[in-house]
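Here is a protein chain to read alongside its structure, taken one question at a time. Each answer works from the details toward the name or value that was asked for.

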Amino acid sequence: MKRNSRKKTLSTSLGTSGSRKAEIAETALRLVNQEGLKRLSVARLAEAVGVVPSALYRHYPHKDAILDAVVELVGERLAEHVEKVRREHFSALSRLDALLAQHVLLITSNQAIPRILFSEEVIGDADHRRARLGDIIHSHVMRIAAVIAEGQEEGEIRSDIAAEAAAVMFLGIVQPAAILWHVSGGRFDFSAHARTAWKLYRECLQPRKDVP
């Protein structure tokens, strides 16, 4: 009886608080991290949140809507990381170094991220989700490109390269390594790879001494 009363109370709060929708998405991301995508369902999510399924249906009518919300949440995390390094660091290279560390931490502490970014189960036949994921990644590339362009203006980064291409290369440090780390069950040393790759990448970005 107490359990049903608790569910009823939480169900009511879900209907009246906009912040609950974000809480549900956060819980879904946590479940994907702990249990994988296959176990994610409206019923399982309702159980984890502590409400009856009908309370979730007010916000997310089906599993696809939940996956859409989780994809948006990942996009928000990526944007937040760029803003964080902008606030805390004052040169382009130090921002990129810190951003790489943020990306490594995000992935190694959250198995859900590679599952979402690299899984056909998330994209499936949902063309709108495929397009949205593409938009999120492109926006992230452009944010990184803006950091690189600022470094070029300051003379910290060589000016004879395209900022957007350099931004894609930056993500190239992360994506293949994230896949290797994920499929190896964490045996691939993602952090060590990032440190080594960063040194090579930084050398490629620094102004060439033979160019005035």
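Q: In which helix do K84 and E88 both lie?
A: This is a predicted model, and what follows is read from that prediction. K84 forms a salt bridge with E88, the closest N and O atoms being 2.9 Å apart. The two residues are four residues apart, which is about one turn of the helix, and the helix that holds both of them is α5.

Q: Is K84 buried, exposed or partly exposed?
A: The cut-offs that matter here are under 20% relative accessible area for buried and over 50% for exposed, with partly exposed in between. The salt-bridge partner of K84, E88, has a relative accessible area of 44% and is partly exposed. K84 itself has a relative accessible area of 26%, so this residue is also partly exposed.

Q: How many residues apart in sequence are the parts that the pair of E150 and R86 ties together?
A: The side chains of E150 and R86 meet in a salt bridge, with an N to O distance of 3.0 Å. Since E150 lies in helix α9 and R86 lies in helix α5, the pair ties together parts whose separation in sequence is 64 residues.

Q: Which residue of the salt bridge between D160 and R158 is buried?
A: The side chains of these two residues, D160 and R158, meet at 2.8 Å, N to O. D160 has 46% relative accessibility and therefore counts as partly exposed. With a relative accessible area of 18%, which is under the 20% cut-off for buried, the buried residue is R158.

Q: Which residues are joined into one network by salt bridges that share partners?
A: The structure holds seven salt bridges. Where such bridges share partners they can be followed from residue to residue, and the network joined in this way consists of R86, R95 and E150.

Q: What distance separates the C-alpha atoms of Q206 and R158?
A: Q206 lies in the segment after α11, and its relative accessible area of 32% makes Q206 partly exposed. Leaving aside residues up to four places away in sequence, Q206 touches L93, E156 and R158. Although Q206 and R158 are 48 residues apart along the chain, the separation of their C-alpha atoms is 5.5 Å.

Q: Which element gives the largest share of the largest nonpolar core?
A: Of the 61 residues in this core, L96, I148, F170 and Y201 touch the most other members. The elements that give two or more residues to the core include α2, α6, α9 and α11. The largest share amounts to eleven residues, and the element that gives it is α5.

Q: Which residues does L96 touch, not counting residues up to four places away in sequence?
A: L96 is one of the core residues that touch the most other members. With residues up to four places away in sequence left out, the contacts of L96 are I144, V147, I148, I157, F170, W198, Y201 and L205.

Q: How are α6 and α11 oriented to each other?
A: These helices, α6 and α11, pack with their axes 11 Å apart, at an angle of about 155°, and their crossing is right-handed. Among the residues that make the contact are L93, L96 and L100 of α6, together with A194, W198 and Y201 of α11. Because angles over 145 degrees count as roughly antiparallel, the orientation of α6 and α11 is roughly antiparallel.

How values were computed:
Residues numbered from 1 in each chain as written. Predicted model: local features only at pLDDT ≥ 70, side-chain atom pairs only at ≥ 80, totals over all residues. Heavy atoms only, no water. Core = buried A, V, L, I, M, F, W, Y, C linked by side-chain atoms within 4.5 Å. Buried < 20%, exposed > 50% of the residue type's maximum accessible area, 1.4 Å probe, protein only. Contact = heavy atoms within 4.5 Å. Salt bridge = Lys/Arg side-chain N within 4 Å of Asp/Glu carboxyl O. Axes fitted to C-alpha atoms, helices over the stretch in contact; angles between N-to-C directions. Parallel < 35°, antiparallel > 145°, perpendicular 65-115°, else oblique. Left-handed = near helix turned anticlockwise from the far one by under 90°.
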